2 protein chains.
Amino acid sequence: MGVSLRDVAQLAGVSVKTVSNVVNGYAHVSAATRTKVEQALSQLGYQPNLSARNLRLGRTGVIALALPELDAPYFAELSRSIIKVAAEHRWLVIIEQTDGSLAREREVLDGVRDHRVDGLIFSPIAIGADELAARTDDTSLVLLGERIYDGPADHVAIDNVRAARDITEHLIGLGRRRVAALGVQDSSVSGTAPLRLAGYREAMAAHGLPESTAEVERYHRAEGASAMARLLRSPSPPDAVFCFNDLLALGAMRTVLAVGLRVPEDIALAGLDDIEDGRYSTPTLTTVAPDKAQLARMAVDLLKLRIDGRSDRPPREVRADYRLMVRESTVGRAPTGERPS
Amino acid sequence: MGVSLRDVAQLAGVSVKTVSNVVNGYAHVSAATRTKVEQALSQLGYQPNLSARNLRLGRTGVIALALPELDAPYFAELSRSIIKVAAEHRWLVIIEQTDGSLAREREVLDGVRDHRVDGLIFSPIAIGADELAARTDDTSLVLLGERIYDGPADHVAIDNVRAARDITEHLIGLGRRRVAALGVQDSSVSGTAPLRLAGYREAMAAHGLPESTAEVERYHRAEGASAMARLLRSPSPPDAVFCFNDLLALGAMRTVLAVGLRVPEDIALAGLDDIEDGRYSTPTLTTVAPDKAQLARMAVDLLKLRIDGRSDRPPREVRADYRLMVRESTVGRAPTGERPS
DNA sequence: CCACCTGTTTACAACGTTGGAACAACGTTG
DNA sequence: CAACGTTGTTCCAACGTTGTAAACAGGTGG
């Protein structure tokens with residue numbers, strides 16, 4: 001094993017506790033002993049055994065981040081930010097992937113009780129709001145996504161309904177009339193799809209335009225591509241499509257371009273997430289850009305509050321900002337500026 | 001705090017060790033006590049405190065994965081696989097981001113000694129091979145990337161020289177003569193860039209073609225775009241470019257298309273990594289596809305061997321397979337099949 | 001010279017777990 | 001029936017750390 005406090009104490013000729021005091025910067029240690037101990041410390045290359053410290057203190061300094069899949073760019077980018085912000089609190093981050101499976105989501109939610117992590121940031125897909133609300137475990141929890149029902153956890157998200165309405169309005173404002181929504185999901189699945197659909201509907205209704213939707217199971221490029229193909233085969237194909245995330249939009253763009261249609265001249269496309277791919281696709285992708293750094297900071301800070309503070313506070317719901325990023329996929333070359341939201 | 005063995009023992013009317021025996025499936029426990037204990041176990045909802053177990057056993061069941069940045073798709077995809085394979089060994093994965101900074105890489109390499117993780121899978125960029133070799137810590141370590149000098153760690157990688165040669169040969173085989181290499185890096189930085197450059201040179205030399213290179217600092221889309229712009233401004237612009245990774249290639253593609261040139265008619269583009277973006281870009285991206293699932297499995301399995309077995313074995317270097325994925329960015333529409341390598 | 005501070009150091013216990021030794025109960029064997 | 005093995009259970013110690021309380025020095029003030 002490694003070097004323990006005992007080894008250092010022995011070498012320095014002091015008690016174990018004194019070494020511990022030096023390590024932890026306790027005030028009342030004489031200069032003489034301090035230097036003596038510090039010398040022994042560095043001579044042996046002491047490194048605290050955090051397993052032991054954790055056992056003693058009941059804190060691990062590790063949090064878990066549970067999300068559907070790490071290789072979806074949105075989650076990769078968000079994870080990056082969360083790890084960065086967590087590091088500011090000297091936290092390490094364990095990443096768990098649920099693949100959107102109910103069983104895995106339950107496992108993760110339950111596994112948190114093994115005292116390996118101090119808290120959990122969780123982006124649920126399959127698990128029901130009621131099941132979340134019924135959670136008995138008191139490990140700190142912050143959810144990514146808007147609050148559906150009441151529950152014991154804090155929530156962090158953008159205003160999905162408003163964002164969806166904004167981007168749909170943008171499409172309508174371009175003069176498009178057959179605006180489709182791509183990314184609708186079975187409503188039994190909780191999550192953001194129904195919210196984005198609601199925003200789309202509000203905008204369409206406000207202009208008296210007919211709705212048109214395409215369902216998908218998962219938010220991947222492949223599904224965006226096939227759903228777009230279905231829309232193209234429909235009796236009245238759309239002249240604009242709001243895809244519920246950027247991956248769907250990029251898949252849809254592939255299909256549109258592959259059949260020889262032009263974006264945005266024939267079909268305008270917009271997404272949501274502002275993943276980096278969309279800034280380099282041809283054409284570049286108009287999208288809603290959630291402030292991911294802010295989301296990350298909010299999530300970590302809320303978790304910090306839960307972990308440090310009393311857990312009896314009422315759960316909070318905080319909203320992150322977003323911006324509309326107008327790019328070539330809706331307005332063509334010579335892009336206009338980006339307007340904040 | 002949570003429920004401890006003591007609580008369960010008290011309820012079941014047995015000793016703490018007996019409960020521990022039941023929990024750990026120890027053989028010699030009478031059926032009567034076993035059921036009694038199991039009932040108490042589930043009644044209280046016991047969950048082992050892994051901090052304590054770790055302290056006792058000296059194993060945490062957690063490994064660390066250190067890589068430059070999680071939001072580079074290649075690393076996101078690889079991380080996904082590594083987390084999945086690690087889960088088969090009941091390991092959790094902590095992800096650390098180094099941003100390619102030397103200081104961060106040292107921190108990570110050093111931080112592993114705090115007994116929080118059983119081992120480390122590390123994708124270094126900045127740190128020198130000599131420094132790695134001089135490591136004294138005996139925590140198990142597996143490196144992602146080819147071995148440069150000798151060192152105490154196992155290595156996992158594809159054969160970068162051969163892969164680079166293969167893809168360059170593919171470009172030459174299309175009849176291109178002004179084939180450029182995009183992604184050259186200052187050789188002080190260790191890593192794969194020099195290997196890929198070597199493979200490119202071998203192929204060009206074999207055909208007596210003149211070399212042409214563009215340097216970048218980091219392997220991002222933005223740098224691919226600007227490096228491509230530089231190549232276009234040169235006296236004899238290339239008719240094909242081998243980009244050292246897919247992100248660079250996608251950035252380069254953006255630049256080529258944005259100035260009104262066609263891919264692949266005017267300039268053929270190829271990358272390396274086979275990230276998902278390249279399968280949906282327009283045109284789709286020809287690339288080298290490392291077998292990421294295999295890479296992940298090799299890395300985790302090697303780490304497992306190190307952790308379980310004696311660490312005195314000589315370090316091993318294993319090579320993962322790769323395939324050449326020929327897509328539209330080099331051969332245009334009506335894609336040919338993909339040939340294995 | 002004693003009581004009483006102040007500052008520094010130490011002994012002890014505890015966090016929850018598991019390996020090993022010890023022990024008890026039981027049946028088997030010579 | 002004594003000696004012995006087998007099976008089931010308990011007791012004790014230890015992993016390395018830190019909080020608490022107590023011990024110890026060295027002054028000060030009465």
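Here are some informal notes on this predicted model, covering the two DNA strands, one strand of chain A, the cavities and a lysine.

1. **Who sits around DNA strand D?** Start with the protein residues around this strand. There are 25 of them, and the ones that come nearest are A:Leu5, A:Ser20, A:Tyr46, A:Arg56 and B:Thr18. If you look at which atoms of DNA strand D come within 4 Å of the protein, sugar and phosphate make up 63% of them. Sorted by class, the surface near DNA strand D holds ten nonpolar, ten polar and five charged residues.

2. **Phosphate contacts on DNA strand D.** Now zoom in on some side chains. In A:Ser20, a side-chain N or O atom is 2.8 Å from a phosphate oxygen of DNA strand D. B:Thr18 also has a polar side-chain atom beside a phosphate oxygen of this strand, at 2.5 Å. Then try B:Thr33, where an N or O atom of the side chain is 2.8 Å from a phosphate oxygen of DNA strand D.

3. **Which helices face DNA strand D?** Color the helices and look again. Helices α2 (16-23) and α4 (50-57) of chain A, and α2 (16-23) and α4 (50-57) of chain B, each give at least two residues to the surface near DNA strand D. The largest share belongs to α4(A), with four residues.

4. **Over to DNA strand C.** Which residues come nearest to DNA strand C? Among the 25 around it, they are A:Thr18, A:Thr33, B:Leu5, B:Tyr46 and B:Arg56. Of the DNA strand C atoms within 4 Å of the protein, 65% are sugar or phosphate, and the rest belong to bases. The class count for the surface near DNA strand C is ten nonpolar, ten polar and five charged residues.

5. **Phosphate contacts on DNA strand C.** Check the backbone as well as the side chains here. A backbone N or O atom of A:Ser15 lies 3.0 Å from a phosphate oxygen of DNA strand C. From the side chain of A:His28, a polar atom lies 3.3 Å from a phosphate oxygen of this strand. Chain B joins in through B:Arg53, whose side chain has an N or O atom 2.9 Å from a phosphate oxygen of DNA strand C. As for helices, α2 and α4 of chain A and α2 and α4 of chain B each give two or more residues to the surface near DNA strand C. Here α4(B) gives the most, with four residues.

6. **A strand tucked inside chain A.** Is β4(A), residues 140-144, largely enclosed or open? Five of its five residues are buried, so the rest of the structure largely encloses this strand. You can check it face by face: A:Ser140, A:Val142 and A:Leu144 are buried on one side, and A:Leu141 and A:Leu143 are buried on the other.

7. **The neighbors of that strand.** β4(A) runs parallel to β3 (residues 119-122) of chain A, and four bridges join the two. It also runs parallel to β5 (residues 154-157) of chain A, this time with three bridges. A:Leu143 is a handy residue to click on. Its bridge partner in one direction is A:Phe122, and in β5(A) it stands opposite A:His155.

8. **The largest cavity.** How many cavities of 30 Å³ or more does a search of the whole structure find? The answer is two. The largest holds about 200 Å³ of space. It is lined by 15 residues, and those closest to its centre are A:Leu250, A:Asp277, A:Ser281, B:Asp277 and B:Ser281. Helix α11 (246-258) of chain A and α11 (246-258) of chain B each supply at least two lining residues, and α11(B) gives the most, with three. By class, the lining divides into seven nonpolar, four polar and four charged residues.

9. **The second largest cavity.** This one has a volume of about 130 Å³. Of its 14 lining residues, A:Asn54, A:Arg116, B:Asn54, B:Thr60 and B:Arg116 lie nearest its centre. α4 of chain A and α4 of chain B each supply at least two residues of this lining. The class count is four nonpolar, eight polar and two charged residues.

10. **A buried lysine.** Finish with A:Lys292, which is in helix α12 (residues 292-308) of chain A. Why does A:Lys292 count as buried? Its relative accessibility is 10%, and buried means under 20%. A polar atom of the A:Lys292 side chain lies 3.0 Å from the backbone oxygen of A:Asp273.

Conventions:
Residues are numbered from 1 along each chain as its sequence is written. Chains are lettered from A and ligands numbered from 1 in the order in which they are written. This is a predicted model: local features need pLDDT of at least 70, side-chain atom pairs count only at pLDDT 80 or more; totals for chains, interfaces and linings use all residues. Side-chain values use heavy atoms; hydrogens and water are left out. A residue is near a molecule or strand if one of its heavy atoms lies within 4 Å of it. A polar contact is a pair of N or O atoms within 3.5 Å; within protein, one must be able to donate a hydrogen and the other to accept it, and residues adjacent in sequence count only if both atoms are side-chain atoms. Ala, Val, Leu, Ile, Met, Phe, Trp, Tyr, Cys and Pro count as nonpolar, Asp, Glu, Lys and Arg as charged, and the others, Gly among them, as polar. Buried means under 20% relative accessible area, exposed over 50%, partly exposed in between (1.4 Å probe, protein chains only). Two strands pair if DSSP finds at least two bridges between them. On a 1 Å grid over the protein atoms alone, a cavity is a set of points where a 1.4 Å probe fits but cannot get out, and a pocket is an open set with protein on both sides within 12 Å along at least five of seven lines; lining residues have an atom within 4 Å of a point. Grid points are joined across faces, edges and corners, and a volume is the space filled by probe spheres set on the points.
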